[in-house]
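Good morning, and thank you for coming. Please take a moment with the sequence and the structure before I go through some of the features.

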Amino acid sequence: MFSPADHTHMAQALRLAERGLYTTTPNPRVGCVIVRDGDIVGQGYHERAGLPHAEVMALRAAGGRARRATAYVSLEPCSHHGRTPPCADALIEAGVARVVAAMEDPNSQVKGNGLARLRAAGIETACGLLEAEAHELNRGFVSRMTRHRPWLRVKTAASLDGRTALNNGISQWITSEEARRDGHRWRARSCAVMIGIGTLLADNPRLTVRHVDTSRQPLRIVVDRHLQIPLDARVLEGGNALVVTAGPPDEKAARLMERGIAVLHLPDSEGKVDLAKLMRALAERELNEVLVESGNRLNGALLRAGVVDELIVYLAPHLLGDTARGMFDLGVLTALDQRRELTICDVSRIGPDLRILARL
């Protein structure tokens, strides 16, 4: 169904899409390559919400050479009016002869409709080329559209024996500078970074991206059951923060909101923060990927709530011993069938450390 040339051009469309890794949220990362008579005559990618989509950028580059050409797009062309007009209409107007999409758009407003509109206009269409790679690039967007919650990654740094901090709470720095820099790349691609109040009180982090170039900072989220957050916490500097609590609205919440800090009250039946409701609330705020950089208590609570999708674990080549703190507070397990099964997707060397990517 697909030729070697088709694979080559779609691979290029995916490389273009990856250029928007840090910037496209809440939109998906999309690339487009336009080919006529074997030659690339136009290419482009979507950079930021509100700016032209990948197809429009590629068509602008191709000009009149787009007529009777093939367009390779890493995601089905949109068919609805959002922040920009439908890309399917732009391809029809340009007179392309064939459109190849890596995957259907999971957005219910588009799913299948973009390709159907192209076919109705007499354009040959095909879908599914390098679909797995396209899905991986937009895993968070797909999660929000199909599961109505963001893709949740838990990042943790530990010694080789799985300890994240000394018993007295000291944790800086367990892993190397190279691992910390790599962690900032995960921050940069995320829509939000989330911690618990314990981590905030212990480390007072900023949660900003500092070690990679990016024009966008992620939303900073603090899960704070009793609203213990100090008003001078560094995570609140400059706004762009969300505090999630289980308590009722009070004077402190009002003072936070006066400073432009969003406050969500999401209690569960036990008076804790309802983490499942939190995930739905984050999806409603158009967050695709959320990175958790917290301690063992919030990490464990998220796992028990069933909302964790992926783990990023950095292991440093040293030992801290049994009295140091672990990665996940899962309570006391009494049988091995209570363990959490993982699929290890990747193991890489980052400086002197190991980075393990695993999925639930």
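Let me begin with strand β9, which is covered on both of its faces. On one side, Ala 241, Val 243 and Thr 245 are buried, and on the other side Leu 242 and Val 244 are buried as well. The strand spans residues 241–245, and five of its five residues are buried. I should say at once that we are looking at a predicted model.

What pairs with β9? Strand β8, residues 219–223, pairs with β9 in the parallel sense over four bridges. Within that pairing, Val 223 has Val 244 as its bridge partner in β9. Strand β10, residues 262–265, is also joined to β9 by four bridges, and these two strands run parallel. Here Val 244 appears again, with Leu 264 as its bridge partner in β10. Val 244 is thus a residue to keep in view: it is buried, and it has bridge partners in β8 and in β10.

I turn now to another part of the model, an open sheet of five strands. In which order do the strands of this sheet lie? The order is β2-β1-β3-β4-β5, and the pairing is mixed. At the edges are β2 and β5, the latter covering 124–127, and each of them pairs on one side only. From one strand to the next, the twist averages 15 degrees. Helix α4, residues 113–120, packs on this sheet and touches β4 (98–101) and β5. The direction of the helix makes about 155 degrees with that of β5.

Let us look at the pairings around β1. Strand β1, residues 31–36, runs antiparallel to strand β2, residues 39–45, and six bridges join them. One of the residues involved is Val 33, whose bridge partner in β2 is Gln 43. The two strands form a hairpin with two residues between them. In the turn, Asp 37 has a positive phi of about 55 degrees. β1 also pairs with strand β3, residues 70–73, again in the antiparallel sense, over four bridges. In that pairing, Cys 32 stands opposite Val 73 in β3.

My next topic is the enclosed space. How many cavities of 30 Å³ or more does the structure hold? There are two. The largest contains about 50 Å³ of space. Its lining includes Thr 24, Thr 25, Pro 28, Phe 141 and Glu 289. Helix α6, residues 139–147, supplies the largest share of that lining, with three residues. By character, the lining divides into three nonpolar, six polar and three charged residues.

The second largest cavity has a volume of about 30 Å³. Among the residues that line it are Leu 21, Tyr 22, Cys 191 and Arg 216. This lining comprises three nonpolar, four polar and three charged residues. Thr 24 is listed in the lining of the largest cavity and also in that of the second largest.

I close with a single residue, Val 313, which lies in strand β12, residues 310–316. Is Val 313 buried or exposed? Its relative accessible area is 11%, which is under 20%, so Val 313 counts as buried. Leaving aside residues up to four places away in sequence, Val 313 touches Thr 156, Met 327, Leu 354, Arg 355 and Ile 356. Val 313 and Thr 156 are 157 residues apart in sequence, yet 5.1 Å apart in space, C-alpha to C-alpha.

Notes:
Residues numbered from 1 in each chain as written. Predicted model: local features only at pLDDT ≥ 70, side-chain atom pairs only at ≥ 80, totals over all residues. Heavy atoms only, no water. Pairing = 2+ DSSP bridges. 1 Å grid on protein atoms, 1.4 Å probe; cavity = no way out; pocket = protein on both sides within 12 Å on 5 of 7 lines; lining within 4 Å. Points joined across faces, edges and corners; volume = space filled by probe spheres on them. Nonpolar A, V, L, I, M, F, W, Y, C, P; charged D, E, K, R; others polar. Axes fitted to C-alpha atoms, helices over the stretch in contact; angles between N-to-C directions. Contact = heavy atoms within 4.5 Å. Buried < 20%, exposed > 50% of the residue type's maximum accessible area, 1.4 Å probe, protein only.
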